[in-house]
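Me: I'm new to protein structures and would like to learn how to read pockets, cavities and helix packing. Can you walk me through an example?

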Amino acid sequence: MILTKAQYDEIAQCLVSVPPTRQSLRKLKQRFPSQSQATLLSIFSQEYQKHIKRTHGKHHTLEAIENYYQRYLNGVVKNGAAPVLLELANEVEYAPSLMARIILERFLQEHDETPPSKSVINSMLRDPSQIPDGVLANQVYQCIVNDCCYGPLVDCIKHAIGHEHEVLLRDLLLEKNLSFLDEDQLRAKGYDKTPDFILQVPVVMLCPLAVEGHIIHWIESKASFGDECSHHAYLHDQFWSYWNRFGPGLVIYWYGFIQELDCNRERGILLKACFPTDIVTLCHGTA
């Protein structure tokens, strides 16, 4: 699904006034019925993450942490089974999983002589049964399972979706009888930053938006929507690096992208929202 900047901005503006819940996602689908659920979910998640990054600092001051911890303690004293942490996170507009991390760290600092390590915190968030307090373990669990944008459960889902699309891309390359090296094979050869696939025989894409075909040497799979923020970060951290090492390439944003971002074709980076159907394989001599 390729959107214009204006279409994307309209969707993003609708997300400003809604909480990051599954109910809000359903309302978004009703508001934009022509957009796919996967595209809206990706935009929904990315816009919320931008909001969290903008407001992250205010939730991590000593005053804020102490205030949240005391409110948590007072809440569970009244009713330990109530979703105290989840309601607190929603009230202050912070991701439930991140609120759970704040309270868990504060709890462990109070009960342990040394500050908890990041690995210990992450392990307890992945498996709340490790938390040495049954009430807090339940509170953390409620936050994890009700967070649709952050937390270990969301991380696992994103990883699985990303892997699923890499497998899909691999199958499509094999179906087209294209020779390639994957990321693991490239790393074994000593490359550190690598795209998902390097084509061993260059391919010319016959794109209706192009006057002439464009040669590509690599393909990167992104199981997300390509908005301005994420795409510019990928350009800086990944795509131009791939271009410098391997030449021109193709990025597939499986959930779509902003049309105006596909502006680097002549410089050697193409964007698509699906695997190209019209391709021409060049002989080695042509390359």
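Reply: Sure, let's start with pockets. A pocket is an open set of grid points with protein on both sides within 12 Å along at least five of seven lines, and its volume is the space filled by probe spheres set on the points. Keep in mind that this is a predicted model.

Me: Okay, what volume does the largest pocket have here?

Reply: It comes to about 1,000 Å³. The lining of this largest pocket holds 35 residues, and Ser-45, Gln-49, Lys-158, Ala-223 and Ser-224 are the closest to the centre.

Me: Which elements give two or more residues to the lining of the largest pocket?

Reply: You'll find four helices and a strand on that list: α2 (22-31), α3 (37-55), α9 (152-175) and α11 (228-246), plus β4 (214-222). By class, the lining of the largest pocket splits into 17 nonpolar, 10 polar and eight charged residues.

Me: How much space lies in the second largest pocket?

Reply: That one holds about 410 Å³. It is lined by 18 residues, with Leu-15, Val-16, Val-18, Tyr-48 and His-51 the closest to its centre. Two or more lining residues come from each of α1 (5-15), α3 and α5 (84-91).

Me: And which element gives the largest share of that lining?

Reply: Look at α3, which supplies five residues to the second largest pocket. Sorted by class, the lining of the second largest pocket has 11 nonpolar, four polar and three charged residues.

Me: Now cavities. How many of 30 Å³ or more does the structure hold?

Reply: The general idea first: a cavity is a set of points where a 1.4 Å probe fits but cannot get out. This structure holds one cavity of 30 Å³ or more, and the largest cavity has a volume of about 30 Å³.

Me: Which residues line the largest cavity?

Reply: Try finding Leu-173, Leu-178, Leu-199, Val-203, Met-205, Ile-216, Ile-219, Phe-275, Pro-276 and Ile-279. Among the elements, β3 (197-205) and β4 each give at least two residues to this lining, and β3 has the largest share with three.

Me: How many nonpolar, polar and charged residues are in the lining of that cavity?

Reply: There are 10 nonpolar residues, with no polar and no charged ones.

Me: Great. What are two packed helices described by?

Reply: You need the angle between their axes and the distance between the axes. Take α2 and α3: their angle is about 125°, and their axes are 10 Å apart. That is why α2 counts as oblique to α3. The crossing of α2 past α3 is right-handed.

Me: Which residues make the contact between α2 and α3?

Reply: On the α2 side, pick out Ser-24, Leu-25, Leu-28 and Lys-29; on the α3 side, Gln-37, Leu-40, Leu-41 and Phe-44. Five of the residues in the contact of α2 with α3 are nonpolar, two are polar and one is charged.

Me: Let's do another pair. At what angle do α5 and α6 pack?

Reply: They pack at about 115°, with their axes 9 Å apart. Again the crossing is right-handed, with α5 passing α6. Here Leu-85, Leu-86, Leu-88, Ala-89 and Asn-90 of α5 meet Pro-96, Met-99, Ala-100 and Ile-103 of α6. The contact of α5 with α6 has eight nonpolar residues, one polar and no charged ones.

Me: One last pair: how far apart are the axes of helix α6 and helix α7?

Reply: The axes of α6 (residues 96-111) and α7 (residues 118-126) are 11 Å apart, and the angle is about 120°. The two helices are therefore oblique to each other, and α6 passes α7 in a right-handed crossing. From α6, the contact uses Ala-100, Arg-101, Leu-104, Glu-105 and Leu-108, while α7 brings Ile-121, Asn-122, Met-124 and Leu-125. Sorted by class, the contact of α6 with α7 has six nonpolar residues, one polar and two charged.

Technical notes: Residues are numbered from 1 along each chain as its sequence is written. This is a predicted model: local features need pLDDT of at least 70, side-chain atom pairs count only at pLDDT 80 or more; totals for chains, interfaces and linings use all residues. Side-chain values use heavy atoms; hydrogens and water are left out. Axes are lines fitted to C-alpha atoms, for helices over the stretch in contact, and angles run from 0 to 180 degrees between N-to-C directions. Angles under 35 degrees count as roughly parallel, over 145 as roughly antiparallel, 65 to 115 as roughly perpendicular and the rest as oblique. A crossing is left-handed if the near helix is turned anticlockwise from the far one by less than a right angle, and right-handed if clockwise. Contact means heavy atoms within 4.5 Å. Ala, Val, Leu, Ile, Met, Phe, Trp, Tyr, Cys and Pro count as nonpolar, Asp, Glu, Lys and Arg as charged, and the others, Gly among them, as polar. On a 1 Å grid over the protein atoms alone, a cavity is a set of points where a 1.4 Å probe fits but cannot get out, and a pocket is an open set with protein on both sides within 12 Å along at least five of seven lines; lining residues have an atom within 4 Å of a point.
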